[in-house]
Amino acid sequence: MVEDHILSARILMVDDEESNLELLRRILEPVGFKDLRDTSDPFQVLPLCRQSPPDLVLLDIAMPGKNGFEVLAEIRQDMGEEEYLPVLVLTSDHSPDTKRQSLSAGAQDFLTKPLSPAEVRLRVRNLLQTRFLHLALRDHNRHLEERVRERTAELEEAHAQILARLARAAEYRDDETGEHTRRVGRLSGAIAQELGLDPEEVSLIHQVAPLHDLGKIGIPDDILLFPGPLTTEQEQVMRSHTEIGGDLMSGSGIFLLDLAEQIARTHHERWDGSGYPLGLSREEIPIAGRIVAVADSFDAVTHRRPYKPAWPAEEGWKEIAGKGGTDFDPAVLEAFTNVLRSTGLNVGDQS
Ligand SMILES: [Fe+2]
């Protein structure tokens, strides 16, 4: 009894003697195999396999012009491992060498002539069963991989959404639309890319730069929204947003949040060491902090705030560029200038 899906398998029979091909037909047809193909020309095996791939090849070894081992090597080279095409060698050569050579060349099984019809049917059935199980497993794996890809994309989207909304919460009191945080994210990502940072790092900086001012959540309204210069005491409170933000995002062990923490803590540090909260200088300031410092400052001067009007982009660029080597990393400023220039702004040295 052979299962229906096995009987529909395509079997390619290869033997230089027509009478052997006829014998195989007489063995396989009566049990119901429907798709039997054959050739007595070993040179036709590969073209036939390519034209309509078989599920099983029954292969003679001693053939004129090209022997079974050569055909086997051709098939193995042409078909990917993924295809798992079984080959059953049928030969009248009883020597152990031939058997060993067949199996090591990639045949799955070996039968010697004269053939026993019952044994041929049994081996054919077993090999086809193995092939179909293999294909089912391969399809199942592909399906699983596809599902993992879908779930990963969903998770990444969820992360991005949560970060964007968290950033918006941080800015909600003084920037209801969240536009400032988004612009700082975009500009920071563009500067990071221009600096030649790893694409994954560029994407992470783009995603978490909007959280730089998350700590403003902890700053009272009367200071955060004060429409004028702050007193020294108020300024101290305002400056604490760097540490509040850093504390809020610390300790998760998640790289994305660790980077967000780093940016929150260092985006007001200055290249010459005169910034806050730690007074770090030059390369002591992580590159992400140096980038966001430029992007944040530029966005602040080019957009309206309760205490100041918006400046045109060119004016904003001059203001920021004038602080290279004092407030900002000159290399980051150069990348920033290139980014602005690529958007069509007439800034920087055009030579
Ligand atoms: Fe800030």
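Helices H12 and H13 are oblique to each other, since their axes cross at roughly 55° and only angles under 35 degrees would count as roughly parallel, with 65 to 115 taken as roughly perpendicular. In this predicted model, the axes of H12 (residues 255-266) and H13 come within 8 Å, and H12 passes H13 in a right-handed crossing. On the H12 side the meeting residues are Leu259, Gln262, Ile263 and Thr266, and they face Ala288, Gly289 and Val292 of H13. Sorted by class, this contact holds four nonpolar and three polar residues, with no charged residues.

Helix H13 (residues 287-301) also meets helix H7 (residues 179-194), and here the axes come within 9 Å and cross at roughly 135°. That angle makes H7 oblique to H13. The crossing of H7 past H13 is right-handed. From H7, the contact draws on His180, Arg183, Val184, Leu187, Ser188, Ile191 and Ala192, while H13 offers Ile291, Val292, Val294, Ala295, Asp296, Phe298 and Asp299. By class, nine nonpolar, two polar and three charged residues take part in the contact of H7 with H13. Val292 deserves a second look, as this residue of H13 appears in the contact with H12 and also in the contact with H7.

It helps to place these helices in the overall layout. The protein is divided into domain 1, covering 4-144, and domain 2, covering 172-342. Between the C-alpha centres of domain 1 and domain 2 lie 68 Å.

We can now turn to the sheet. Five strands form an open sheet in the order E2-E1-E3-E4-E5, and their pairing is parallel. At the edges stand strand E2 (35-39) and strand E5 (109-112); each has a single partner strand, so one side of each is left without a neighbour in the sheet. From one strand to the next, the twist averages 20°. Within the sheet, strand E1 (residues 10-14) pairs with strand E3 (residues 56-60) in the parallel sense, over four bridges. In this pair, Ile11 stands opposite Leu56 of E3.

Two helices pack on the sheet. Helix H4 (residues 68-78) touches E1, E3 and strand E4 (87-91), and its direction makes about 155° with that of E3. Helix H6 (residues 117-171) touches E3, E4 and E5, and the direction of H6 makes about 170° with that of E5. Strands E3 and E4 are thus touched by H4 and by H6.

Methods
Residues are numbered from 1 along each chain as its sequence is written. This is a predicted model: local features need pLDDT of at least 70, side-chain atom pairs count only at pLDDT 80 or more; totals for chains, interfaces and linings use all residues. Two strands pair if DSSP finds at least two bridges between them. Axes are lines fitted to C-alpha atoms, for helices over the stretch in contact, and angles run from 0 to 180 degrees between N-to-C directions. Two residues are in contact if their C-beta atoms, placed from the backbone, lie within 7 Å. Domain bounds come from an automatic or database domain assignment. Angles under 35 degrees count as roughly parallel, over 145 as roughly antiparallel, 65 to 115 as roughly perpendicular and the rest as oblique. A crossing is left-handed if the near helix is turned anticlockwise from the far one by less than a right angle, and right-handed if clockwise. Ala, Val, Leu, Ile, Met, Phe, Trp, Tyr, Cys and Pro count as nonpolar, Asp, Glu, Lys and Arg as charged, and the others, Gly among them, as polar.
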